[in-house]
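Here are some exercises to work through with the model open beside you. Try each task before you read its solution.

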Amino acid sequence: VGIQIRSLVEKSYDTFLVTRRPEGYFFGAATAVSSIWSRKEVFVVEGAPDHLILERLVAPNVLALTTSSPSRDQVRFIRRFTTSVNMCLDADKAGRDGFAAFFARNSSRMTVRDVQYPCRKPKEKDLNDFWRRVGDDAFRDYFLNKIESEF
């Protein structure tokens, strides 16, 4: 594995010492596992910045795919330990399409919710962008109200 960093100011990435990634890797799994097991529910995001914001403001049971589509082992982990999945993926086509297969295969075995959030500008496509626009309190309120009212 390696390290990839991303600026919160601009969308630029630096990658260091990357080798073949293990199939079942999630960003945030170590801190989220006990909460996922007890709640049988998970929030799935695409990247680490999205994970950190959602975990800090909304819920501790968050996993980041670190890619736009889940691997076979990631799907197996989610199916094994959860009965409810809240997809908080990027608003771009890659994010939505990448998870479509998971949704189609697993919606009969578990509750899969597509938690969408408003994006106002073309460059605004992920949770981090939404958070930067609205701030901590509005971000937290939006997701907690959306989950309670729609699901």
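**Exercise 1. Sort the residues that line the second largest pocket by class, and find which element gives the largest share.**

Solution. Start with the classes: the lining has two nonpolar, no polar and nine charged residues. Here Ala, Val, Leu, Ile, Met, Phe, Trp, Tyr, Cys and Pro count as nonpolar, Asp, Glu, Lys and Arg as charged, and the others, Gly among them, as polar.

Next, read the names. The lining consists of Arg6, Leu8, Val9, Glu10, Lys11, Lys121, Lys123, Glu124, Asp129, Arg132 and Arg133. A pocket is found on a 1 Å grid over the protein atoms alone, as an open set of points where a 1.4 Å probe fits, with protein on both sides within 12 Å along at least five of seven lines; lining residues have an atom within 4 Å of a point.

Then turn to the elements: helix 5 gives the largest share of this lining, three residues. Finally, the volume of the second largest pocket is about 230 Å³, taken as the space filled by probe spheres set on the points, which are joined across faces, edges and corners.

A word on the source: this is a predicted model, in which local features need pLDDT of at least 70 and side-chain atom pairs count only at pLDDT 80 or more, while totals for chains, interfaces and linings use all residues. Residues are numbered from 1 along each chain as its sequence is written, and side-chain values use heavy atoms, with hydrogens and water left out.

**Exercise 2. Write down the order of helices and strands along the sequence.**

Solution. Count the elements to begin with: the protein has six helices and six strands. These are DSSP runs numbered from the N terminus, with helices (H or I) of at least four residues and strands (E) of at least two. Now read along the sequence, and the pattern is β-β-α-β-α-β-α-β-α-β-α-α.

**Exercise 3. Is Leu127 buried or exposed, and which residues does it contact?**

Solution. First place the residue: Leu127 belongs to helix 5, residues 127-134. Its relative accessibility is 0%, so Leu127 counts as buried; buried means under 20% relative accessible area, exposed over 50% and partly exposed in between, with a 1.4 Å probe and protein chains only.

Helix 5 has further buried residues, and its full set is Leu127, Asn128, Asp129 and Phe130.

Now list the contacts (heavy atoms within 4.5 Å). Beyond neighbours within four places in sequence, Leu127 touches Val45, Asp50, Leu54, Cys88, Tyr117, Phe139 and Phe143. Also check Asp90, which is 37 residues away along the chain, with 6.9 Å between its C-alpha atom and that of Leu127.

For a second view of helix 5, take Trp131, which is found there too. With the same neighbours set aside, Trp131 contacts Ile53, Arg56, Leu57, Asp136 and Phe139.

**Exercise 4. Find which members of the largest nonpolar core touch the most other members.**

Solution. Recall the general idea: in soluble globular proteins, nonpolar side chains tend to be buried together. A nonpolar core is a set of buried Ala, Val, Leu, Ile, Met, Phe, Trp, Tyr and Cys residues joined through side-chain atoms within 4.5 Å.

The largest core has 17 residues, and Phe43, Leu54, Val58, Cys88, Leu127, Phe139 and Phe143 touch the most other members. Two or more residues of this core come from each of strand 3 (41-45), helix 2 (48-57), strand 4 (62-64), helix 5 and helix 6 (136-150). A second, separate core has 16 residues, among them Leu63, Val85, Met110 and Val112.

**Exercise 5. Classify the ring pairs Trp37 with Phe81 and Tyr142 with Phe143.**

Solution. The whole structure holds nine aromatic pairs. Rings of Phe, Tyr and Trp (its six-membered ring) pair if their centres lie within 6.5 Å; planes under 30 degrees apart count as stacked, over 60 as edge-to-face and the rest as tilted.

- Trp37 and Phe81 have ring centres 5.5 Å apart and planes at 50°, so this pair is tilted. Trp37 is in helix 1 (residues 29-39) and Phe81 in helix 3 (residues 72-81), so the pair ties together parts 44 residues apart in sequence. Trp37 is partly exposed at 42%, whereas Phe81 is buried at 17%.
- Tyr142 and Phe143 are edge-to-face, 5.4 Å centre to centre with 85° between the planes. Tyr142 is partly exposed at 24%, and Phe143 is buried at 0%.

Last step: ring pairs join Tyr117, Phe130, Phe139, Tyr142 and Phe143 into a cluster.
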